[in-house]
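Visitor: I'd like a close look at one part of this structure, and I'm happy to hear how the rest fits around it. Could you walk me through it?

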Amino acid sequence: MGASAQRADVREGDNQLVVKGVSKRFGGVTAVQDVSLEVPRGSIVSIIGPNGAGKTSLLNMISGFYKPDTGQVILEGQDITQKKPSDVAALGIARTFQNIALFSGLTVLDNLMLGRHVLMKSGVLSSVIYWGMAQKEDIAHREAVEEIIEFLKLQDLRKQPTSALAYGLRKRVELGRALASEPKVLLLDEPMGGMNQDEKEDMARYVLDVNQERGVTVVLIEHDMGVVMDISDRVVVLDRGRGIAVGTPEEVQRNPKVVEAYLGKSKGGGGA
Amino acid sequence: MSEDLEFAFSLLLNGASIGLMYALIALGFVLVYKATDAINFAQGEFVMLAGLIVAMLLSFVGMPLIVAVVVTLAVMVGFGFGLERVVLRPLLGRPVVAVIMATIGLAAILRGVGPVVFGSETRALTLPIGDEPIVLGPASLPPIQVVGAVVAITLFLAFSWFFKKSRMGVAMRAVADNQQVAQAMGINVERYFALAWAMAGVVSALGGIVWGSMLGVDVHLALVGLKVFPVVILGGLDSIGGALVGGLIIGIVESLAAGYLDPYVGGGTKDFAPYVLMILVLMIRPYGIFGKRKIERV
């Protein structure tokens, strides 16, 4: 898989998601300080940095789990900074979690169907009243999920409880569940963490397919530099809560600040 | 069949039907715990409230039974929704003990306000089922216990279906499993919390009608709530099937204690036998027979 930095469908200047100078403090600890991020429509933007750099905190602010102390998160021109996580999801931002967060008592199919919850119009009361409508809607949802099952090659696992699946498969189901919501922007928090080389390559392939074939904008946190440099259009580097570099994979790799953050100069920062 | 066996069968059958009626009450508790992690110490008072309402509607207002039942169901659903909104939602994210204390307070308020509003005398809640015992083989049951058992089984089947097959039921399980992730799926967690309390209202309404019909309706009706604890400890706080099995076991243990032990000690073992069992279970299997064994990673 070659670098996709020059792909034509990534339109610079057309930023689908913009994070403007967000900061987040927890008690006396500053997790994220004045970080900005521009995510062009159709791109893959990776966030890298040593452990504790604030990557997941940044993702949590985008998806509404944390409210930033300052700054804004803007999706397609709309300020979503103060929205609840469930509303952010409904607006088209799906995410996966660093530690696999499938509903463990539920089957693969149920997990994927829950991914479509945001698309299901019937609310609590109306779904009782319009029973038939919900049934019809269910068939359409089921077909969409079936397509994802095929895409991710999960055919044999539909009825399996997710707790019974191998680690790599669970990560894949979680990706599928996020995809099921037909997101505009997909936030992936270490989708390859803990995987072996084969599994990583599969997952990287899926992420690329999601981006290129399905046209989903991807924001990725990943520690595997090989993967990040391979598939990203743009890389943002965080260190101790601050953005220290941004650019194409090539630019970032040459940036002395990045090298310092990773290798540590005097203070001995954490490794990747 | 020998007389001994007939006696045993009769005790079992009686215990099982009462046990199903306990399970009915416990179901309200489990629904709330499963979805919201809240321990509802006012479950018995919910039942009492529903009993008081239906008895009032029947005797004072003179509504036909079916209308009174429907109105009571509606009132209890509204009560569940309102309670979640007004009392419990502000407590979201607070320590569990805050919710527990709130429900204990609520229980006291309901026990106090109930008689003030509805009067303190015991009211009969008569269902049109007669009082001719229903004969089942060598034993017989009062009709109300048969009605109670049927209501309980019907509700259990309905809720099993709901949680397995319906979209809302699956979403509710997702909320119970992991609230954060459920939110990331676009699930409005608070709405499902409210729904869980409303469902507890429905269950309590039906529980209030059958238990009220059996015991008569006054403030003491709330005491059936105490039986919830051995039932759910035995079955598992978050297991609907567990509530059913736990109820059956507690009902049968009670009935056997009354039949075989009471004659020797002069009575009373029935009342504490379930709690002896509860303490034993807590020592051996603290998450219950069907409860989820929560593994805390440190």
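What is the strand order in the open sheet of four strands in chain A, and is the pairing parallel or antiparallel?

Guide: Keep in mind as we go that this is a predicted model. The order in that four-stranded open sheet of chain A is β2-β1-β4-β5, and the pairing is antiparallel. At its edges stand β2 (29-40) and β5 (78-79) of chain A; each has a single partner strand, so one side of each has no neighbour in the sheet. Take β2(A) and its partner, strand β1 (residues 15-26) of chain A: they run antiparallel and are joined by eight bridges. If you want a spot to click on, try A:Val22, whose bridge partner in β2(A) is A:Val35.

Chain A has another open sheet worth setting beside that one. This one has six strands in the order β6-β7-β8-β3-β9-β10, and here the pairing is mixed. The edge places go to β6 (93-95) and β10 (242-247) of chain A, and each of them has a single partner strand, so again one side of each is left without a neighbour in the sheet. On average, neighbouring strands in this sheet are turned by 20° against each other, ignoring direction.

You can see the mixed pairing by visiting both ends. At the β6(A) end, β6(A) pairs with strand β7 (residues 185-189) of chain A in the parallel sense, over three bridges. There, A:Ile93 stands opposite A:Val185 in β7(A). At the other end, β9(A) and β10(A) pair in the antiparallel sense over five bridges, with A:Val236 opposite A:Val246 in β10(A). Those two strands form a hairpin with two residues between them, and in the turn A:Arg240 has a positive phi of about 45°. Lying across β9 (234-239) and β10 of chain A is helix α10 (residues 256-263) of chain A, which runs at about 130° to β10(A).

Now for where chain A meets its partner. In the contact between the chains, 25 residues belong to chain A and 18 to chain B. On the chain A side, α2 (85-90), α3 (108-115), α4 (124-129) and α5 (131-151) each supply at least two of the touching residues. By type, that side of chain A divides into 14 nonpolar residues, eight polar and three charged. As for confidence, the model scores ipTM 0.81 and pTM 0.84.

Over in chain B, the mean pLDDT is 91, and 98% of the residues reach 70 or more. Have a look at helix α5 (residues 143-165) of chain B, which packs against helix α6 (residues 167-177) of chain B at an angle of about 75°, with their axes 5 Å apart. That angle makes α5(B) roughly perpendicular to α6(B). From α5(B), the contact is made by B:Phe162, B:Phe163, B:Lys164 and B:Lys165; α6(B) brings B:Gly169, B:Met172 and B:Arg173. Sorted by type, the residues of this contact come out as three nonpolar, one polar and three charged.

Helix α5 of chain B also holds B:Val147. B:Val147 has 20 other C-beta atoms within 10 Å, so it counts as buried. Leaving out residues up to four places away in sequence, B:Val147 touches B:Leu127, B:Ile129 and B:Val210. For a sense of distance, B:Val147 and B:Leu91 are 56 residues apart in sequence and 38 Å apart in space, C-alpha to C-alpha.

Note on methods. Residues are numbered from 1 along each chain as its sequence is written. Chains are lettered from A and ligands numbered from 1 in the order in which they are written. This is a predicted model: local features need pLDDT of at least 70, side-chain atom pairs count only at pLDDT 80 or more; totals for chains, interfaces and linings use all residues. pLDDT is the predictor's confidence in each residue, from 0 to 100. Axes are lines fitted to C-alpha atoms, for helices over the stretch in contact, and angles run from 0 to 180 degrees between N-to-C directions. Angles under 35 degrees count as roughly parallel, over 145 as roughly antiparallel, 65 to 115 as roughly perpendicular and the rest as oblique. Two residues are in contact if their C-beta atoms, placed from the backbone, lie within 7 Å. Ala, Val, Leu, Ile, Met, Phe, Trp, Tyr, Cys and Pro count as nonpolar, Asp, Glu, Lys and Arg as charged, and the others, Gly among them, as polar. Two strands pair if DSSP finds at least two bridges between them. A residue is buried if 20 or more other C-beta atoms lie within 10 Å of its own, exposed if 12 or fewer, and partly exposed in between; C-beta atoms are placed from the backbone.
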